[in-house]
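Thank you all for making the time this morning. I would like to walk you through one model, strand by strand, and then turn to its charged side chains.

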Amino acid sequence: DGHWWPWPQWTSRFHVHYATRRHEVDEVLRQFAYRGASGHNLGIRYRLVNEIPDFFEAFRSDRDRLDDFEEGFDQVNQLSVGSRVALTRQWAVTYDVGYTFEEGLFLTHRGGVEYTSRCQCWALRLTADLERQTGFDIGVKYTLLGLGQDPVRPVSGGGSTTRLRR
C-alpha cells in the first residue's frame, strides 16, 4: 500500500493484498493521475476485489435497477477515468466514467461545469450524473473560498473524480 510521485504534477496510488492461504491476489487498487498547474486533471483508476465481502450483499437486493446482472456476480473488476479541463481561469468542464468488466456495463457517467468567481471568494459546480444504480441526477456544489482551498481547482477537491454530495 502506498503513494508514488514519479514526476512533478503526477501522482500514483497503489494497494495490493495477497491471500497467502489461497495463493492468489485478493485485492488490487491502482490509480495514476496528472494535475496540471493550469487546472487540467486526468486520472485513471483500476479496482479488483476477487471475493466480495459481506457488506456488498445489499448490492444484489435492488433488483429493479440491477436486473441486468447475472446471479454469478462474485467479484469487483472496475475501471474509472476522470478528467477536468480548465477552459479559462474561471471556467472548467469535468467528465468521469466508470466501467465494470465483470458484466461489461458502464456504472456511471458524470459531466460537470465549474465556475470560480473573479474575486476567487466562491466557486460553483453543476453536474449531471447518469448512474446505473440510481438513474439520472443533477447536483450543485457551492464552495466559499478562503484559507486552505486550491485556487486553481476550488470545487474539485482531491481530483477530478471527487463525488459530490447533495
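Let me begin with strand 7, residues 105-116, which runs antiparallel to strand 8 and is joined to it by 9 bridges; two strands are taken to pair if DSSP finds at least two bridges between them. Strands here, like helices, are DSSP runs numbered from the N terminus, with at least two residues in state E for a strand and at least four in H or I for a helix. Before I go further, please keep in mind that this is a predicted model, in which local features need a pLDDT of at least 70 and side-chain atom pairs count only at pLDDT 80 or more, while totals for chains, interfaces and linings use all residues. Residues are numbered from 1 along each chain as its sequence is written, and side-chain values use heavy atoms, with hydrogens and water left out.

Within this pairing, Val-113 stands opposite Leu-126 of strand 8. The hairpin that strand 7 and strand 8 make has 5 residues between the strands, and in it Gln-120 takes a positive phi near 55°.

Which cysteines form a disulfide? They are Cys-119 and Cys-121, whose sulfur atoms lie 2.1 Å apart, where the rule for a disulfide is a pair of cysteine sulfur atoms within 2.5 Å. By that rule the count is 1 disulfide, and the link between Cys-119 and Cys-121 is left-handed, with -50° about the S-S bond. As for exposure, I call a residue buried under 20% relative accessible area, exposed over 50%, and partly exposed in between, using a 1.4 Å probe and protein chains only. Cys-119 counts as exposed because its relative accessibility is 52%, whereas Cys-121, with a relative accessible area of 34%, is partly exposed.

Moving on to strand 8 itself, residues 122-131, we find that the side chains alternate. Ala-123, Arg-125, Thr-127, Asp-129 and Glu-131 point to one face and are buried, while Trp-122, Leu-124, Leu-126, Ala-128 and Leu-130 point to the other and are not. As background, the side chains of a regular strand alternate between the two faces of the sheet.

Strand 8 also runs antiparallel to strand 9, residues 135-144, and 10 bridges join the two. They form a hairpin with 3 residues between them. Ala-128 has Ile-138 of strand 9 as its bridge partner, and Leu-126 stands opposite Val-140 in strand 9. Tyr-142 is also found in strand 9, and, leaving aside neighbours within four places in sequence, Tyr-142 is in contact with Trp-122, Ala-123 and Leu-124, contact meaning heavy atoms within 4.5 Å.

Now for the charged side chains. The structure holds 7 salt bridges, each a side-chain nitrogen of Lys or Arg within 4 Å of a carboxyl oxygen of Asp or Glu. One of them joins Glu-114 and Arg-125, at 2.6 Å from N to O. This pair links distant parts of the chain, since Glu-114 is in strand 7 and Arg-125 in strand 8, 11 residues apart. Are these two buried or exposed? Glu-114 is buried because its relative accessible area is 1%, and Arg-125 counts as buried because its relative accessibility is 2%.

A further salt bridge joins the side chains of Asp-96 and Arg-110, at 3.9 Å from N to O. Here too distant parts of the chain are linked, with Asp-96 in strand 6 and Arg-110 in strand 7, 14 residues apart. Asp-96 and Arg-110 are both buried, and they are linked with Asp-129 and Glu-131 in a network of salt bridges.

By contrast, consider Glu-24 and Arg-22, whose side chains meet in a salt bridge of 3.0 Å, N to O. Glu-24 is partly exposed, with a relative accessible area of 30%, and Arg-22 is partly exposed as well, with a relative accessible area of 37%.

Finally, a word on the loop between strand 5 (76-86) and strand 6 (91-100), where Leu-87 has its place. Leu-87 counts as exposed because its relative accessibility is 56%.
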